[in-house]
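Visitor: I should like to go through this model with you, one question at a time. Please give the criteria behind each term as it arises.

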Protein chains: 2
Amino acid sequence: MDPTSAAFLLSENRNQPMHVGGLQLFEPPADAGPGYVREMFESMRDTERIAPLFLKHPHRSVKTGGTLVWRDDEQFDIEHHVRHSALPQPGRVRELLELVGRLHSTRLAWERPLWETHVIEGLADGRVAMYTKLHHALVDGISAMRLMASVLSPDEDRRNMPAPFAEGASRRRKPEETTESLPAAAVDAATTAAKTLADLPADVLRGAMSISAEAAGMPVALVKTLRKGLRNETSAVSLAAPRTIFNQSITGARRFAAQDWPVERMRAVGKSTGTTINDVVLAMCSGAMRTYLAELDALPDRSLVSMVPVGLNAKQAGTASSAGGNAIGSVMVRLATDMADPADRLRTISRSMKDGKEALSSMTPTQIVAMSAIGMAPSIVIPALGMQGMVRPPFNLIISNVPGPRVPHYWNGAQLVGNYPVSIPINGMALNITCTSYAGNMGFGLTGCRRTVPHLQRLLTFLDDELAALEKAAGVS
Amino acid sequence: MDPTSAAFLLSENRNQPMHVGGLQLFEPPADAGPGYVREMFESMRDTERIAPLFLKHPHRSVKTGGTLVWRDDEQFDIEHHVRHSALPQPGRVRELLELVGRLHSTRLAWERPLWETHVIEGLADGRVAMYTKLHHALVDGISAMRLMASVLSPDEDRRNMPAPFAEGASRRRKPEETTESLPAAAVDAATTAAKTLADLPADVLRGAMSISAEAAGMPVALVKTLRKGLRNETSAVSLAAPRTIFNQSITGARRFAAQDWPVERMRAVGKSTGTTINDVVLAMCSGAMRTYLAELDALPDRSLVSMVPVGLNAKQAGTASSAGGNAIGSVMVRLATDMADPADRLRTISRSMKDGKEALSSMTPTQIVAMSAIGMAPSIVIPALGMQGMVRPPFNLIISNVPGPRVPHYWNGAQLVGNYPVSIPINGMALNITCTSYAGNMGFGLTGCRRTVPHLQRLLTFLDDELAALEKAAGVS
């Protein structure tokens, strides 16, 4: 087992399960009968050949010298992994999000392959939901989304399409680009970056590091650079964030909220204000969090700071990846939650994003590798930096924006109508926002610790309010 | 932690989860609104004070010297334990049993208190189901059923009744007797018997035993007696069973089947044939298994043997329990599956049951303690006996019959209309049948390994056929 996978497994505990998830909503085809969902479930369950990734489970024993190894599950039982569920009445999106939050709260047992797929019926509007859960030791969040998307097709009439876990199902497909901030190449980078860290010479890995950083395969020099950077001692990452309710220890219970907004609305705001779609997404998050924290009487005087993963250019990427592939870096963005006016916030965010990207350009190779490491595996790297012991966190949350397909896609005639990433909150980082575009909509997935982030679903209302406020400010409403 | 509890925890693995369960069906009160199930769930979830049994979880670390101890869960999260679920369409009993089988297949994680309660809606007939799962380290199956029953009341109009896991909810209530074979006192004995083994002097416990038997607190002499008995060398347990498909290694996946029949029908057969209700229950199981095995072309020439827990009389009980309480012993019953005629089978079973009870009377005190141990904790004791290495298993399955309340009971106005035990299959014993009577019905709960016992639900049809055949043979149909 490579050290990155092992690190994800070893950094796991009851409060910090290390799996990523995805929620997909499908519209059944016009000719679907009453038994449609059951047939969909049964066709997945009856998959004959399972891909190797979905058959292996972690194993550690005296025989393996206490080292974690992958082992095939000799008693693989697909009924444990593929499940048919239903929602309680009245079958609103609310009941669905409640179920997804609950399913996302449960750790995957090491004694079996580290994944589950739930086919969920009972939405009052007739749509079918699919929630999939995969351990971060198998794939990162972006690869998981690509995996789920890889079995879809723009062809409405195709049938006999395999499940994502079927052998041969996941061939490499180029995802289509929808936002400026994350070029398609960046999406390819996630797995490569993970490999990069693992590829570093073993003797570099053995330093005077804490166990988790060492397990993650991070060299000492890299961690020192990161620590300096995050402590505001280099120009590249020159921010320090205020303490917020998000930056506490978390519990194991999760809540999940998700909603779509048309990309066209964000594009219009961007065009009129000279900002990017991604800037508008960040401004929506900023305004929503400002209102949310103000309601809880917990809004800090100083602006919240978000870490935002971005694609690196060819030269930077070459530096970051010893395998020669592309890579994802990260930028610290001032969210301007201390400003009352939506237009001011958007402007500040846009400038902060530009500054961050320029800072990335002026970084030394080691610093770029470090920023790639944060972008790629925050849940390993951040604990390694000892952020919880710092007086001020270097950033308050991670907001990612990952492009998906631009045109409607189908799975055996069922149209994918919603696609939301379910991510990993960690200690000190109780809220995660991951967005993904698909067929003209931007899907927001908010994953939070149920106890630390109360009434998470209110953020959806505030996101909606904020988009309207930005449209008004930009004169496009 | 007492050695019995520790043994249940340590004998657990992915193929052999060690929790007992119960499925209850409720008829909502006449004035129930559309939000009834949700309110029922929420009232349980909002329980303010949880009983200590439901707050502790097992813990083992370097600090505890590797010993298992109970520890309070300081981050107790009731939403992890109390869940609201729904059935897929068409919401038949079949979908319910499928869900219960699946829920019963999942191990309880040691990092949290070892229980779950699922409030399940979506049955087409409007009934509400409740599935509860408790680790055997907390309670045995009979105590679990008593616990669930202890919060019910014969008073239809009572409200504000606590959940079974609420502090103070479980006061001691005398269960009512419904069958001759298991006196009410015997039900009280289960917990006492468990205590009995744990009460034995520590130096007796440390013998040249296998780890699981030692962990279970079984003295060497006792195990030797048991081994002799099971190997047909004493008169007390003078049977040896044929090999069947039930007596194989099992997997972790479970299937559950359950159904009711009126006790009155069994009583009529018993009266007309001079047998007990329990004899008729055993004859139903016998006939059903004969048909089931014949269909699979797997019916042995020789009769199957069932272990049947029975109540001990005062003198025997005094011997078996050092705490002075009552105890449950066990009898090996020839099921007569080699006979073609239902009346012959019932007669043979009845005689075999009588012989077994007489054998119990002539046992030495050590033998009685041994038989109590089998009756009380077969899932610990049987592996300790090394049955899997024996050419012939001493018995093929366990059939228990536990009396429940005779009159209808209610929980906050909802009438309990069905009550089925969900039990523990173990390696070498892939099927378990536990019956419980309630308000004039005998509920059969069949729990099996999904792989080893195919099409478990067919046994329900065969049980029904067999009761009809017995009625015909007895001239009461």
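Visitor: Which residue's backbone oxygen lies 2.6 Å from a polar atom of the side chain of S286(A)?

Guide: This is a predicted model, in which local features need pLDDT of at least 70 and side-chain atom pairs count only at pLDDT 80 or more, while totals for chains, interfaces and linings use all residues. Residues are numbered from 1 along each chain as written, chains are lettered from A and ligands numbered from 1 in written order, and side-chain values use heavy atoms, without hydrogens and water. S286(A) belongs to helix α11 (residues 277–295) of chain A, helices being DSSP runs of H or I with at least four residues and strands runs of E with at least two, numbered from the N terminus. The backbone oxygen at 2.6 Å from its side-chain polar atom is that of L335(A).

Visitor: Is S286(A) buried or exposed?

Guide: Buried means under 20% relative accessible area, exposed over 50%, and partly exposed in between, with a 1.4 Å probe and protein chains only. Leaving aside neighbours within four places in sequence, S286(A) has contacts (heavy atoms within 4.5 Å) with L335(A), A336(A), T337(A), R345(A) and I349(A). Because its relative accessible area is 0%, S286(A) is buried.

Visitor: What percentage of the residues in chain A is buried?

Guide: Chain A has 16 helices and 14 strands. Of its contacts with a separation of 6 or more, 77% join residues 24 or more positions apart. Among the 477 residues of chain A, the buried share is 60%.

Visitor: How much area do chain B and chain A bury between them?

Guide: The size of an interface is often given as the accessible area lost when the parts come together. Here buried area is the accessible area (1.4 Å probe) that two parts lose on being put together, summed over both. The contact takes 29 residues from chain B and 29 residues from chain A. With 33% of it on carbon and sulfur atoms, the area buried is about 2,700 Å².

Visitor: How many salt bridges are counted between chain B and chain A?

Guide: A salt bridge requires a side-chain nitrogen of Lys or Arg within 4 Å of a carboxyl oxygen of Asp or Glu. One of them joins R38(B) to E95(A), with the closest N and O atoms 3.2 Å apart. Between chain B and chain A, the number of salt bridges is eight.

Definitions and conventions
Polar contact = N/O pair within 3.5 Å; in protein donor to acceptor, adjacent residues only side chain to side chain.
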